[in-house]
Amino acid sequence: MATRRSGRGGGDDGIETGKLRNGEKELSIEEIFELKEVPAWTDQLTVRSMVVSLALGFLFCFIVMKLNLTTGIIPSLNVAAGLLGFFFIKVWTTVLGKFGIQSKPFTRQENTVIQTCVVASSGIAFSSGYASYILGMTEKVAKQAEEGNTENNVKELSLGWMIGFVLLVSFLGLFSIVPLRKIMILDYKLTYPSGTATAYLINSFHTPKGALIAKEQIKCLFKWFSASFLWGFFQWFYTASDDCGFTSFPTFGLEAYARKFYFDFSATYVGVGMICPYIINLSMLSGAVISWGIMWPIIETKKGLWYGADLKSSSLRGEQGYKVFVAIALILGDGLYHFIVVLSKTFYFMAKTLLKKDSVQVTEGTSSDDDIVSFDDKRRTEFFLKDQISMKFAMGGYIVLAIISIIAVPFIFTQLEWYHILCIYIFAPILAFCNSYGCGLSDWSLASTYGKLAIFAIGAWVGMDHGGVVAGLAACGIMMSIVSTASDLMQDFKTGYLTLSSPRSMFISQVFGTFMGCILSPLVFYLFFYKAFPTLGEEGSSYPAPYGLIYRGIALIGTEGTSALPENCLLISAVFFAVAIALDALKEVLVQTNSKWHKFIPSPMAMAIPFFLGGYFVIDMCVGSLIRFVYELKNKAEADLFVPAVASGMICGDSLWGLPAAVLSLLNVKPPLCMKFLSRGVNDKVDTFLSG
């Protein structure tokens, strides 16, 4: 998915100096901080920042993993990371102060280091693919797909190879993009809207007014964190077996419940809905109505005509095939469109920048507002260029890590040969640059799209008979890890540039956060989800992990073609592939013509998710949107400040309850009650049976 980085908000590239307020000049950000000493890069990396990052990294890995295994929608958690980092360091210094121990001042640079570590760690939980391409290799998912369910196209999970693989492939992206940081940030002046917004958030925390607001936001976050955790604990008592509890409440009746339309009572989904843009939630709702409300009931009537009546409901040759491959068509159509558009914009703006540089000499001697360099930009450029990371170090690191990976990965995935991996590592830096540049322009990471290209290329190269499914999925992981970590690092360089954080401290904190993620992500997934919940990855499970089957479906298409699809599935999928491209193109035209109607064009990527899962989580997310909408009507400024804190608290609390719930499951401790909902007729039969 490319949704992890979206929605964090945009921002201008700087607060202009010289603004007037009440007749007086308003100070810019760097003028406010001018008298504060900027710590050396070694002082920005502190023991306390690493300890806090480790604790928050575990929490955020758990949150991202849970969301990946349920809906695949990952909202921005940067506000929560920045707020919680600010809070924990303030608590740290306050407690030590009670014992007479003086602590170093907490700076915005240290706050940036914590935020970078935490986001890097949770980023590995996303790009490591435990809910997508890794899970797609397992026999559990292979049985649902049926096709390609052979020994060399299946790989069972174990903690050893999972940690080893993610350690081998997750660091190369960092070294591939480091040499280009000056070009991206200073020469091309790329915006990186998410990195910019995060920087202004951190800067605001460390002003007197911002610190007071942050204190109120933290109170709000912890209040909703506690309420959400207790609500999850309360619900647990009523879930003694499948289809029990509040998560199975037939809000709109039993027929709607059977069609996956009901309120899930999930604080996580409500919180996610409050953060996600309105159009994302409405897109998913429209996708749920089109699929489960219209399409699937019609296709059910074709049972025995278009597909065998004796097929299992989970078979890709039956009804499940339509659900999976139509969703894949929407995802691929949306991904292909954005790939072409972002790549085109990348080359266009690069050429425009180069031409602009060439024309500077022609206009020499003239001046304009664009030629005036602000105080902020001068100061930021000075500190950004102060601590360099050598080209030799970056290139040497990439080559050494690539050689180690080329040698070691084929021992983990015997379906891959060394030359397959070598080809990936030759092209990966180019794609990492394109992804980082495009992300700087549009805030849109195409990591999952590049991963899918690797599935098709390597899967077809290896072939079904030689384990092309597993080979393609593993290649997806290698490619996706490189391009994802590269764009994440450049976002963080932008944040560091705007907070006067050293590139060295940014790079080291990113490396530390990546290492944390490489250890924490497989541990959290394997111990607290895969082992604790035996039905993980199955339809109807608490953790259906929809992208496991979707990614395996993509690998099957890449290696076998479309011959295994049920009748008319390819035609329907082609129609939705075209619809995805048409919707994206229409939105682009409306944006370019400054039409307000572009806000109402649905996102094909968001529409695709409920095609497979249903609309139960969408109802919760729309409730979250409604809460935010009402809050904004009452007080827009207050909503902008506190909605992210409320939502983050709800997500963190409910997700953290998953930890004790998993432990209880591992210890075979069952909830004492089962709350089920029956129709009146069924209830009468049950009463008659019990009374008899």
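Modeller: One definition first: an axis is a line fitted to C-alpha atoms, for helices over the stretch in contact, and angles run from 0 to 180 degrees between N-to-C directions. What we're looking at is a predicted model. In it, the axes of helix H25 (residues 616–634) and helix H26 (residues 636–666) come within 6 Å and cross at roughly 140°.

Colleague: Why are H25 and H26 called oblique to each other?

Modeller: Roughly antiparallel takes an angle over 145, and roughly perpendicular covers 65 to 115. The crossing is at roughly 140°, which fits neither range, so H25 and H26 count as oblique.

Colleague: Which residues of H25 and H26 make the contact?

Modeller: On the H25 side, Arg628, Tyr631, Glu632 and Lys634; on the H26 side, Lys636, Glu638, Ala639, Asp640, Phe642 and Val643. Sorted by class, that's six charged, four nonpolar and no polar residues.

Colleague: What makes Tyr631 nonpolar in that count?

Modeller: Just the convention: Tyr is listed with the nonpolar residues, so Tyr631 goes there.

Colleague: H26 has another partner, H11. At what angle do the axes of H11 and H26 cross?

Modeller: Roughly 35°, with the axes of helix H11 (residues 208–236) and H26 coming within 7 Å. H11 passes H26 in a right-handed crossing. This contact has 18 nonpolar, six polar and two charged residues.

Colleague: And why are H5 and H10 oblique to each other?

Modeller: Helix H5 (residues 108–127) and helix H10 (residues 193–205) pack at about 135°, their axes 9 Å apart. That angle is not over 145 and lies outside 65 to 115, so oblique is the label. H5 passes H10 in a right-handed crossing. Arg108, Asn111, Thr112 and Gln115 in H5 meet Thr198, Ile202, Asn203 and Phe205 in H10. By class, you get five polar, two nonpolar and one charged.

Colleague: What makes Arg380 and Glu30 a salt bridge?

Modeller: The cut-off is a side-chain nitrogen of Lys or Arg within 4 Å of a carboxyl oxygen of Asp or Glu. Here the closest N and O atoms are 3.5 Å apart, so the pair qualifies. It links distant parts of the chain: Arg380 sits in helix H16 (residues 375–384) and Glu30 in helix H1 (residues 29–32), 350 residues apart. The structure holds 14 salt bridges.

Colleague: Where is confidence lowest in the protein chain, and where is it highest?

Modeller: Lowest in strand S1 (residues 19–21), with a mean of 47, and highest in helix H7 (residues 159–169), at 96. Over residues 1–23 the pLDDT is below 50, yet this stretch has 69 contacts beyond near neighbours in sequence. Residues 361–371 also stay under 50, and there the model has one contact beyond four places in sequence. For the protein chain, the mean pLDDT is 86, with 93% of residues at 70 or more.

Terms used:
Residues are numbered from 1 along each chain as its sequence is written. This is a predicted model: local features need pLDDT of at least 70, side-chain atom pairs count only at pLDDT 80 or more; totals for chains, interfaces and linings use all residues. Side-chain values use heavy atoms; hydrogens and water are left out. Helices (H or I, at least four residues) and strands (E, at least two) are DSSP runs, numbered from the N terminus. A crossing is left-handed if the near helix is turned anticlockwise from the far one by less than a right angle, and right-handed if clockwise. Contact means heavy atoms within 4.5 Å. pLDDT is the predictor's confidence in each residue, from 0 to 100. Angles under 35 degrees count as roughly parallel, over 145 as roughly antiparallel, 65 to 115 as roughly perpendicular and the rest as oblique.
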